[in-house]
Amino acid sequence: MQTKALIVDDEPDILELLDITLNRMSIGCDCAANLSEARKYLSENTYSLCLTDMNLPDGNGIELVTHIQKCFPDMPVAVLTAHGNMDTAIASMKAGAFDFVSKPIELERLRSLVNTALKLKSSSDTEDNEHVNIIGQSECIESLRKKINKLSRSQAPVYISGESGSGKELAARAIHEQGPLASAPFIAVNCGAIPRELMESEFFGHKKGSFTGAHKDKAGLFESANGGTLFLDEVADLPLDMQVKLLRAIQEKAIRSVGDQKETAVDVRILSATHKDLEAEVNENRFRQDLFYRINVIELKVPPLRERQEDIQPLADRFLLNIAMESQDKAATLTKEASKALSQYKFPGNVRELENILERAYTLCENDTIDVEDLQIREVAAPSAIESHSDEDLAGESLDSHLEEIERGIIIKTLEENRWNRTAAAKKLGVSFRSLRYRLKKLGLDHDD
């Protein structure tokens with residue numbers, strides 16, 4: 001059966017252009033000039049996608065988007081908007097449109113949008129709602145999975161909120177991998193880890209000779225993610241001048257490399273996240289309101305681990321299995337007392353803290369059994385109190401990286417003092433030989449000397 005599309009626009013020239021373009025893609029078309037005709041076609045036919053103008057004689061495109069979402073939820077619908085009218089584009093995506101294209105229509109952009117819509121339609125019958133990397137059976141995790149499944153069927157920008165360590169990047173990857181762009185690049189970047197003077201080059205690339213040290217052309221993050229997804233983690237850490245450039249790149253779907261005279265078109269889905277209250281950052285004039293509205297078309301909240309305590313045990317089982325596989329050793333098990341201690345702990349550092357606790361416990365335990373003492377957990381200050389402290393003393397380095405460097409230095413110094421005799425070094429450090437071997441592997445020091 002031939003793929004078929006419904007096109008809705010009251011301008012005959014636009015209808016003809018869309019009809020010709022889609023026919024050349026082997027897509028049959030029915031053309032409607034208003035909402036009434038569109039609803040009649042929808043009641044009598046089956047379509048793989050719909051393209052609708054926003055302004056129609058008897059209503060607007062958002063009414064049609066809402067109607068299709070209600071009656072034909074598996075049909076992708078895209079909206080045609082006036083150039084530069086981002087408010088309309090955002091409103092249509094909030095209503096359920098999977099994407100938009102601006103007038104005057106760029107045919108390459110239109111073909112890309114249609115191909116993405118068809119991939120979305122073809123995968124709707126076989127899609128698995130449960131993404132393998134989202135572990136847990138709690139009510140809030142089941143709800144998260146359903147939202148991710150719905151968001152994966154859209155190209156709308158998504159803002160992922162949640163505490164540090166709660167799994168925001170995991171949610172972003174799930175949105176990407178369950179959608180039509182799964183085979184395209186997924187590029188994740190920690191905005192707070194890029195030196196300010198290198199930000200423009202990192203995001204947009206640079207041309208050879210554009211500044212000292214630019215010995216060759218370099219593609220930026222947008223270009224690397226072209227056709228796929230760019231995940232901006234800790235987006236609240238971007239300086240205001242970079243926020244302006246990012247907003248323009250998102251709105252215009254085009255970038256200009258440092259030192260280049262022309263713009264390059266890019267088609268990238270934007271997902272973003274931060275552990276900060278982004279709305280509060282806007283109110284304090286630390287984050288641009290226009291960028292906030294542009295990236296926060298849809299918000300996805302990732303729950304903290306303390307709100308899904310029934311997921312702690314399955315998460316712990318998975319982490320212990322992964323640790324054993326990485327160290328090529330036997331998996332450790334938790335005693336009943338250790339499991340109970342974990343279930344009662346509040347985890348201010350969330351899932352990431354659970355993983356770190358188990359990594360440490362695995363190196364400390366004896367006979368592959370983790371007891372309460374091996375966990376070394378204790379109640380600490382609330383997350384808000386921890387997050388309020390500045391990390392300027394780390395010179396832009398994350399705490400985990402900073403601690404890893406300290407650990408690496410101590411281990412190397414001890415190995416050198418013991419002429420790289422690992423048994424003697426382990427004894428000097430007060431850890432088991434297995435613990436030292438695991439730490440060496442984790443720190444990339446397990447090569448043979």
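Q: What percentage of the exposed area of the protein do carbon and sulfur atoms supply?
A: The model is predicted. In this model, the protein exposes about 22,900 Å². The share of that area supplied by carbon and sulfur atoms is 48%.

Q: What percentage of the residues in the protein are buried?
A: The protein has 449 residues, and the C-alpha trace spans about 85 × 55 × 45 Å along its principal axes. A residue is counted as buried under 20% relative accessible area. Buried residues make up 46%.

Q: How many helices and strands does the secondary structure of the protein come to?
A: Contacts in the protein with a separation of 6 or more can be divided by distance along the chain, and residues 24 or more positions apart account for 69% of them. The secondary structure comes to 20 helices and 16 strands.

Q: In what order do the 5 strands of the open sheet stand?
A: Strands of a sheet pair through backbone hydrogen bonds, either parallel or antiparallel. Here the pairing is parallel. The edge strands, each pairing on one side only, are β2 (28–32) and β7 (99–103). From one strand to the next the twist averages 20°. The order is β2-β1-β3-β6-β7.

Q: Which residue in β7 stands opposite Ala-78?
A: Strand β6 covers residues 77–82 and pairs with β7 in the parallel sense over 5 bridges. Opposite Ala-78, the residue in β7 is Asp-99.

Q: What angle does the direction of helix α4 make with that of β7?
A: Helix α4 consists of residues 86–95 and packs on the sheet. The strands touched by α4 are β6 and β7. With the direction of β7, that of α4 makes about 155°.

Q: Which peptide bond is cis, with omega near -5°?
A: Most residues other than glycine have a negative phi, and most peptide bonds are trans. Pro-104 is found in the loop between β7 and α5 (107–123). The cis bond with omega near -5° runs from Lys-103 to Pro-104.

Q: What is the approximate phi of Lys-253?
A: Lys-253 lies in the loop between α10 (240–252) and β11 (254–255). Its phi is positive in a residue other than glycine, with a value near 50°.

Q: Why does Asn-367 count as exposed?
A: Asn-367 is placed in the loop between α15 (350–364) and β16 (369–370). Although it is not a glycine, Asn-367 has a positive phi of about 60°. Exposed means over 50% relative accessible area. Asn-367 therefore counts as exposed, with a relative accessibility of 71%.

Methods. Residues numbered from 1 in each chain as written. Predicted model: local features only at pLDDT ≥ 70, side-chain atom pairs only at ≥ 80, totals over all residues. Heavy atoms only, no water. Pairing = 2+ DSSP bridges. Helix = DSSP H or I, 4+ residues; strand = E, 2+ residues; numbered from the N terminus. Axes fitted to C-alpha atoms, helices over the stretch in contact; angles between N-to-C directions. Contact = heavy atoms within 4.5 Å. Buried < 20%, exposed > 50% of the residue type's maximum accessible area, 1.4 Å probe, protein only. Areas by Shrake-Rupley, 256 points an atom, 1.4 Å probe, with all protein chains shown as cover.
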